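Student: I would like a close look at how the empty spaces in this model are lined, starting from the packing of the helices and the sheet. Could you take me through it in one connected account?

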Amino acid sequence: MAVVLRSLETAVPDTVLIQDEVRDVFASQPDVSDLAKRLVSAAFNSSGIERRRSAVTEMDFSTPVDSPQFFERDTGRILNPSTGARNEVYVRGATELFVEAATAAVDACDGLERSDVTHVITVSCTGFFSPGPDYRIVREVGLDPAVKRCHLGFMGCYAAFPALRQATTICEADPDAVVLVVSAELCSIHVRVSDDPDTILGSSLFGDGAAAAVVTGRGPGPGRALQLDHFETVLTPVGEEAMAWNIGDNGFEMVLGTYVPKIIDAHIVDALAPLLAHDALVAGRDCSEIEHWAIHPGGRSILDRVEKRLRLRPEQLSPSRRVLRDYGNMSSATVMFVLKEILDDPAASAGERICGMAFGPGLTVESALFTTIGETTAVGELQ
């Protein structure tokens, strides 16, 4: 039985962060060293990012705020709110994104009603509340209150693939299941000023966004879809301390070592091998012969290393680079944005393969194989 991703929709907050403007604000902070200011310029300028979105409306630098918690417009200072204050923004902002993306994904499935949804899987690592986002989606989207719910929390940037894998397992066990998978991350609420290179790197990369998918074994339905073929998890032999996500008194603290791209470069071929071995049609091919690549754009240097090591063509990384350019790194939601870029591409034909990869704490590599469904008979026309 084929398990199919029927729809994939995204949502982002209204506040737009222009990368050059944010760089200048961070570089002007009075409490950072001259070395840190140089690191800020280097990190922001080489990020491959032009703009990001944020649930922190105060980061719209043109809007005055009566009692600022994150940014003091008059002085230009970035403030340092408590973890509790940051989480209050998460509760409001994440709920809006979870519900918006979930609603769009369900409504995009022709022939499926909200009452057909049997399971909800939510994903996030940037905040906590209970009743959680899974509960809010059921209530606010109008799903059956008896829907089975599961939340995958604090797994980091790779968590969308375990969620899709779990949805696949559910559908394989129950062919009538309809699983709504929703990821929402508010990374920007944890931004802080620091001389620490890891913190500076994180400040240059992370943005906010959400993505939702409907997964079912009932069949593809009309329009474009993805068949979910295989998933694999690999832990690299080194890198446990290179990427981590900890809870501090003033927000969550990202550890993102500058040598993470080198670790990925050294181990990505071995990490991919178990996934590709599942399918004889791709196992013996050069990576460049697999039509599409959905690589989590954890940063520009990661994409550069993946492209070079796997000998991919530049256009095969274009969806990942576009998402990085326009949204930054939105943790677990990001690779879903990349998949949507590929799914919405009118040049993609039915039967083409997609290899997806996402990286996170551990260092963990999650990978997946997909097949496009829905024949393109002319540009923009589906049959």
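**Helices, sheet and the spaces between**

Tutor: In this predicted model, a convenient place to begin is the pair formed by helix H1 (residues 19-27) and helix H2 (residues 34-45), whose axes come within 9 Å and cross at roughly 170 degrees. The two helices H1 and H2 are therefore roughly antiparallel to each other. On the H1 side the residues that meet H2 are Gln19, Val22, Arg23, Phe26 and Ala27, and their counterparts in H2 are Lys37, Val40, Ser41, Phe44 and Asn45. By class, the residues of this contact comprise 5 nonpolar, 3 polar and 2 charged.

Helix H2 also leads to the open space, since it is among the elements that each supply at least two residues to the lining of the largest pocket, together with H6, E12, helix H7 (260-276) and helix H9 (300-309). This pocket holds about 490 Å³ of space and is lined by 30 residues, of which Leu201, Leu205, Thr258, Pro261 and Ser301 lie nearest its centre. Its lining is made up of 16 nonpolar, 10 polar and 4 charged residues.

Two of those elements return in the enclosed space: helix H6 (197-205) and strand E12 (251-256) are the elements that give two or more residues to the lining of the largest cavity. H6 provides the largest share of that lining, with 4 residues. The largest cavity contains about 120 Å³ of space, and the structure has 5 cavities of 30 Å³ or more. Its lining consists of Cys187, His190, Val191, Arg192, Asp198, Thr199, Gly202, Ser203, Phe206, Trp245, Phe252 and Met254, which by class are 6 nonpolar, 4 polar and 2 charged residues.

The second largest cavity, with a volume of about 90 Å³, is lined by Cys125, Thr126, Gly156, Cys157, Cys187, Phe206, Met243, Trp245, Met254, Ser331 and Pro361. Cys187, Phe206, Trp245 and Met254 therefore appear in both linings, that of the largest cavity and that of the second largest. The lining of the second largest cavity divides into 8 nonpolar and 3 polar residues, with no charged residue.

The second largest pocket has a volume of about 340 Å³, and among its 17 lining residues Ala55, Val56, Thr57, Gly93 and Glu96 lie nearest the centre. Helix H3 (residues 83-107) contributes the largest share of this lining, 6 residues, and the classes are 7 nonpolar, 5 polar and 5 charged.

As for the sheet, 9 strands form an open arrangement with mixed pairing, in the order E7-E6-E8-E9-E1-E10-E15-E14-E13. Its edges are strand E7 (148-153) and strand E13 (292-295), each of which pairs on one side only, and neighbouring strands are turned by 25 degrees against each other on average when direction is ignored. At the E13 edge, the pairing with strand E14 (residues 353-360) is parallel and extends over 4 bridges, with Ala294 standing opposite Gly356 in E14. Towards the other end of the strand order, helix H4 (residues 133-141) lies across strand E6 (119-124), E7 and strand E8 (178-186), and runs at about 135 degrees to E6.

Technical notes
Residues are numbered from 1 along each chain as its sequence is written. This is a predicted model: local features need pLDDT of at least 70, side-chain atom pairs count only at pLDDT 80 or more; totals for chains, interfaces and linings use all residues. Side-chain values use heavy atoms; hydrogens and water are left out. Axes are lines fitted to C-alpha atoms, for helices over the stretch in contact, and angles run from 0 to 180 degrees between N-to-C directions. Angles under 35 degrees count as roughly parallel, over 145 as roughly antiparallel, 65 to 115 as roughly perpendicular and the rest as oblique. Contact means heavy atoms within 4.5 Å. Ala, Val, Leu, Ile, Met, Phe, Trp, Tyr, Cys and Pro count as nonpolar, Asp, Glu, Lys and Arg as charged, and the others, Gly among them, as polar. On a 1 Å grid over the protein atoms alone, a cavity is a set of points where a 1.4 Å probe fits but cannot get out, and a pocket is an open set with protein on both sides within 12 Å along at least five of seven lines; lining residues have an atom within 4 Å of a point. Grid points are joined across faces, edges and corners, and a volume is the space filled by probe spheres set on the points. Two strands pair if DSSP finds at least two bridges between them.
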